[in-house]
Amino acid sequence: MSTATRGERRVSPVFLALVAIMAVSIWAVWTDFSASPGFAVFLFIVSGWIVSLCLHEYAHARTALFGGDISVGAKGYLTLDPLKYTHAVLSIVLPVIFVIMGGIGLPGGAVFIERHRISGRWRHSLVSAAGPLTNALFAAVVAAPFWLGTMDGVPDHFRYALGFMVLLQVTAAILNALPVPGLDGYGVIEPWLSYRIRRQVEPFAPFGLLAVFGFLWIPEVNHAFFDMINSVLRGLGVTEWDTYWGRQLFRFWQGTPDIPRISDLVVS
C-alpha cells in the first residue's frame, strides 16, 4: 500500500490558521459581536470557502496516494496547504474572486497527479470524483441544521451565512461534476473512453471551464441551471430567502442590508 511520511502528512499551519479564522468569524456572526455583521459573514464565507478548496484538493491527492501515486506526499498536497498547489491562481485566487464578486462557486482544481503511477480505470475515476464528492459532503454537513430542522432560535445572520455557503458548495459540486474536458466530471469518464477520443478531446481541456461559463451567460441555460440548484437547495432545506440575504450580507462593502426578522414575518 502506498504511504507518505509523517512530515508529508502533517497539517499545515496555514490551513490551521484558515480554520481558526473561520471559527472566530462563526462566533462573531453568531453573537453579532462585529460592528459590521456583513464583514463577519464575509470572513466566514471566504475562509470557509478556502478551507473547502483545500479539502477538495486534499481528497484528490489522498485518493491518488491510495491509488499508487506516492509523489503527492513529497509535493506537499497532503498537508492541506493551499500554497502547495500547482496552480494557486486557479485553485484558490480565482475561485475566491468569483465568490467575492457574489457569483457561483467556481470549481478549483490544480493538484498535479502522476497518472502513470496509478493502475486501473476505476482508480483513475475515483481520483477525479473525490473532489466534487468532497464539495457535496461539505454542503450536506453545512446544510445539516436546515435539513435536520434545528434552525429554530438560530440567529438570522448565521442562518443566512450558512445558506450562502451551501449555495457555493452545491454549485461547485455540480459544475465540477459536468463531463466537460478540464473538469473533474470528465476525469471520471476519461479512463473509459478510447485512446482516439481522448486524443481528440485533449486540446480542448484548458477551455472547458470557460465554455461552461460562456453557456451560463445564455439566459435560458442560466435559468435552467439555477432552477436545478434551487431544487437541490430546497431538498437540503435551504430557501432562496436564505441564500439571497446571505449574499447581501456577504457584500458588506454595500452596507448592511435592512433584513426583515424571520420571527416578524407573518405566514398566511
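**Close-up views of a predicted model**

**View 1. P206, a loop residue between two helices.** With 60% relative accessibility, P206 counts as exposed, because exposed means over 50%. Welcome to this predicted model; our starting point, P206, sits in the loop that joins α10 (195-201) and α11. Look also for G182: 24 residues separate it from P206 in sequence, yet the two C-alpha atoms are 5.9 Å apart in space.

**View 2. The buried side of α11.** Following the chain into α11, you will find G208, V212, F213 and L216 buried. These four residues cover an arc of only 135° around the axis, so they sit on the same side of α11.

**View 3. Helix α12 and its two sides.** Helix α12 runs over residues 219-235, 17 residues in total. From its first C-alpha to its last it reaches 24 Å, close to the 24 Å expected at 1.5 Å a residue. Buried in α12 are F225, I229, N230 and L233. Seen down the helix axis, the buried residues fall within an arc of 135°, and therefore they line one face of α12. On the other side of α12, you can pick out E220, H223, R234 and G235 as exposed.

**View 4. The neighbours of α12.** The buried residues of α12 pack against three helices: α8 (156-176), α11 (208-216) and α13 (240-250). After α12 comes G237, a residue with a positive phi, near 90°.

**View 5. Where α8 crosses α13.** Two packed helices are described by the angle between their axes and the distance between the axes. Here the axes of α8 and α13 come within 7 Å and cross at roughly 100°. That angle makes α8 roughly perpendicular to α13. On the α8 side, the contact is formed by H157, R159, Y160, A161, G163, F164 and L167. Their partners in α13 are W241, D242, T243, W245, G246, R247, L249 and F250. Sorted by type, the residues of this contact are eight nonpolar, four polar and three charged.

**View 6. D32, a loop residue with positive phi.** D32 is found in the loop between α2 (13-31) and α3 (37-67). Its phi is near 60°, a positive value in a residue other than glycine. At 46% relative accessibility, D32 counts as partly exposed.

**View 7. L80, a buried loop residue.** L80 lies in the loop between α4 (71-74) and α5 (88-100). The phi of L80 is positive, near 65°, and this residue is not a glycine. With 8% relative accessibility, L80 counts as buried, because buried means under 20%.

Methods: Residues are numbered from 1 along each chain as its sequence is written. This is a predicted model: local features need pLDDT of at least 70, side-chain atom pairs count only at pLDDT 80 or more; totals for chains, interfaces and linings use all residues. Side-chain values use heavy atoms; hydrogens and water are left out. The expected span of a helix is 1.5 Å times one less than its number of residues. Buried means under 20% relative accessible area, exposed over 50%, partly exposed in between (1.4 Å probe, protein chains only). The arc is that of the directions from the helix axis to the C-beta atoms. Contact means heavy atoms within 4.5 Å. Axes are lines fitted to C-alpha atoms, for helices over the stretch in contact, and angles run from 0 to 180 degrees between N-to-C directions. Angles under 35 degrees count as roughly parallel, over 145 as roughly antiparallel, 65 to 115 as roughly perpendicular and the rest as oblique. Ala, Val, Leu, Ile, Met, Phe, Trp, Tyr, Cys and Pro count as nonpolar, Asp, Glu, Lys and Arg as charged, and the others, Gly among them, as polar.
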